[in-house]
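Biologist: Please give me a close look at a single part, chain A. How is it put together, and where does it touch its partner?

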Amino acid sequence: MVTTLLDARRARHIAAQVPDPEMPMLTLADLGVLREVEVGEDGTVVASLTPTYSGCPAMAEMRAEVAARLTDAGYARVEIRTVLTPPWSSDWITPAGRAKLAEHGIAPPGAAPRGPVKLTLSPIRRTVACPRCGATDTEETSHFAATSCKALWRCRACREPFEYVKEI
Amino acid sequence: MSDDHVYLSLAEGHDDSDARWAFGTGFEDPLHGVDQSVPEGTDTAQLAAYCLALGDDALVSAQRLAQWCTAAPELEEEVALANIGLDLLGQTRLLYARAGQVDGTGRGEDAYAYFRGADAFRNVRLAELPNGDFAFSITRLLVLSSWRLALFERLAVTTSDPVLAAIAAKGVKELAYHRQYAAEWAVRLGDGTEESQRRMRDALAAVAPYVDELFAETGESKAEVLAVLRQVTDAAGLAWPEAAPVPGHGRDGDHTEHLAPLLTELQSVARAHPEATW
């Protein structure tokens with residue numbers, strides 16, 4: 001039993017180090033897409049992943065990479081599960097993950113909205129600090145960007161465009 | 001650590017790189033490892049058909065959105081429309097995968113997407129109409145995303161199938177962004193120039209006859225969705241038009257002449273090379 005617990009901790013540590021294929025400054029643990037990692041009585045490692053967005057094209061690669069690293073680490077039987085519920089929330093990005101995003105010029109998300117989704121037609125005010133100069137005089141240029149999870153913003157102070165992880 | 005290093009790190013340690021950068025065939029199973037069991041007492045034929053219909057709505061919409069690539073008024077809008085299409089394609093994959101599990105055939109997403117003719121598709125007809133101008137596409141997106149959002153919010157808590165409920169709950173977050181995007185553009189265009197307002201009025205008139213069809217099976221959300229649409233048209237200085245519905249129903253396989261050519265294009269590569277993986 002104790003060995004299994006230690007083993008599970010080690011397996012989790014290995015899976016947690018896998019970089020996200022689209023934002024490689026983050027690990028899957030930083031991004032909050034790595035859920036449970038368990039080791040069964042027979043030594044099978046079961047790692048659960050959850051997609052950020054339904055259309056996330058990187059899921060297959062994440063699965064393959066986690067399985068490959070665990071196999072390389074000596075686990076003979078590895079099983080990867082997809083978990084859809086509860087759905088991923090940007091709130092699950094860890095404090096370390098947020099710091100790494102900012103360090104790489106991507107503004108981390110604010111708190112995710114909760115409850116029924118209201119349509120707001122007046123401009124939505126968010127305070128997003130520029131990850132380069134720290135100014136809060138920023139504006140959104142597009143709700144959507146190079147990956148599903150980000151929006152495009154620009155800083156009026158330093159005039160740099162930057163990406164912003166949307167809160168969902 | 002520079003950004004270059006971060007991205008270069010992805011290329012390391014990949015001698016057997018089969019699983020990388022390959023998102024075509026051979027990558028089926030977006031429900032990999034999800035508990036497949038169906039709750040007792042479920043009408044599996046009905047559940048499979050419903051998943052398929054919701055998947056068809058999303059696939060056909062995604063294809064229309066993708067057709068805006070290289071044709072949108074601005075690069076940002078092209079990125080936005082493609083992103084929305086990608087979300088819908090992701091929902092399609094999950095829904096098709098669930099349909100294949102539930103209907104007992106074990107068919108994968110590609111079988112449903114590429115190897116069915118127009119008669120077998122069950123999407124609502126509004127999704128298949130040609131893109132028209134930007135105002136028409138925005139108005140259609142506003143209607144479809146408002147409807148699907150209301151539907152998914154309901155499904156997430158009412159369906160007895162835990163997989164469909166999870167797919168719906170996940171979709172809600174995405175659809176909220178789609179609706180927000182479309183609503184903002186509808187207001188901007190309706191409240192814009194004389195020309196943009198004329199185009200919005202034409203778009204509303206063209207879309208309205210296909211709205212009744214959306215509520216054939218879920219009448220209870222009609223008032224809720226129409227309230228959202230009126231909120232937008234009010235803010236845009238437009239009126240939601242009353243229109244006689246077009247007879248027929250896409251859910252019965254009754255489609256416009258526009259679906260078959262859309263599918264021909266969508267399916268051409270997979271049908272020309274049915275055994276190919278890439």
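Modeller: I will go from the overall plan of chain A to its sheets, then its unusual backbone spots, then its contact with chain B.

Some ground rules come before that. This is a predicted model, so a local feature is described only where pLDDT (the predictor's confidence in each residue, from 0 to 100) is at least 70, and side-chain atom pairs count only at 80 or more, while totals for chains, interfaces and linings use all residues. Residues are numbered from 1 along each chain as its sequence is written, and chains are lettered from A and ligands numbered from 1 in the order in which they are written. The model as a whole scores ipTM 0.89 and pTM 0.91.

Start with the overall plan. Chain A has four helices and seven strands. Both are DSSP runs numbered from the N terminus: helices are H or I with at least four residues, strands are E with at least two. Follow the sequence and you read α-α-β-β-α-β-α-β-β-β-β. The pattern thus begins with two helices and ends with four strands in a row. Along its principal axes, the C-alpha trace spans about 55 × 35 × 25 Å.

Now the sheets. Take the three-stranded one first. Its order is E1-E2-E3 of chain A. The sheet is open, and its pairing is mixed. Two strands pair if DSSP finds at least two bridges between them. E1 (34-39) and E3 of chain A are the edge strands. Each has a single partner strand, so one side of each is left without a neighbour in the sheet. Ignoring direction, neighbouring strands here are turned by 15 degrees against each other on average. (Axes are lines fitted to C-alpha atoms, for helices over the stretch in contact; angles run from 0 to 180 degrees between N-to-C directions.)

Look closely at one pairing in this sheet. E2(A) covers residues 45-49. Five bridges join E2(A) to E3(A), and the two strands run parallel. For one example, find A:Val46: its bridge partner in E3(A) is A:Glu79.

The other sheet has four strands. Read the order as E4-E7-E6-E5 of chain A. This sheet is open too, with mixed pairing. E4 (106-107) and E5 of chain A form the edges, and each pairs on one side only. What joins E4(A) to E7(A)? Two bridges do, and the strands run parallel. E7(A) is the stretch 161-165. Within this pairing, A:Ala107 has A:Tyr164 in E7(A) as its bridge partner.

Next come two spots in loops. Most residues other than glycine have a negative phi, and most peptide bonds are trans. Keep both habits in mind. The bond between A:Thr85 and A:Pro86 is cis, with omega about -5 degrees. To locate A:Pro86, go to the loop between E3 and helix H4 (95-103) of chain A. The second spot is A:Arg159. This residue is not a glycine, yet its phi is positive, about 65 degrees. A:Arg159 sits in the loop between strand E6 (150-155) and E7 of chain A. On its far side, then, that loop leads into E7(A), the strand that pairs with E4(A).

Last, the contact with chain B. How many residues does each chain give? Chain A gives 34 and chain B gives 45. (Two residues are in contact if their C-beta atoms, placed from the backbone, lie within 7 Å.) On the chain A side, the elements that give two or more residues are helix H3 (59-72), strand E3 (78-82) and strand E5 (138-142). H3(A) supplies the largest share, five residues. You have already met the two strands: E3(A) is an edge of the three-stranded sheet, and E5(A) is an edge of the four-stranded one.

What kinds of residue make up this side of chain A? There are 21 nonpolar, nine polar and four charged residues. (Ala, Val, Leu, Ile, Met, Phe, Trp, Tyr, Cys and Pro count as nonpolar; Asp, Glu, Lys and Arg as charged; the others, Gly among them, as polar.)

A word on the partner's confidence closes the tour. Chain B averages a pLDDT of 90, and 90% of its residues score at least 70. Treat residues 21-25 of chain B separately: their pLDDT is below 50. In the model, that stretch has nine contacts beyond near neighbours in sequence.
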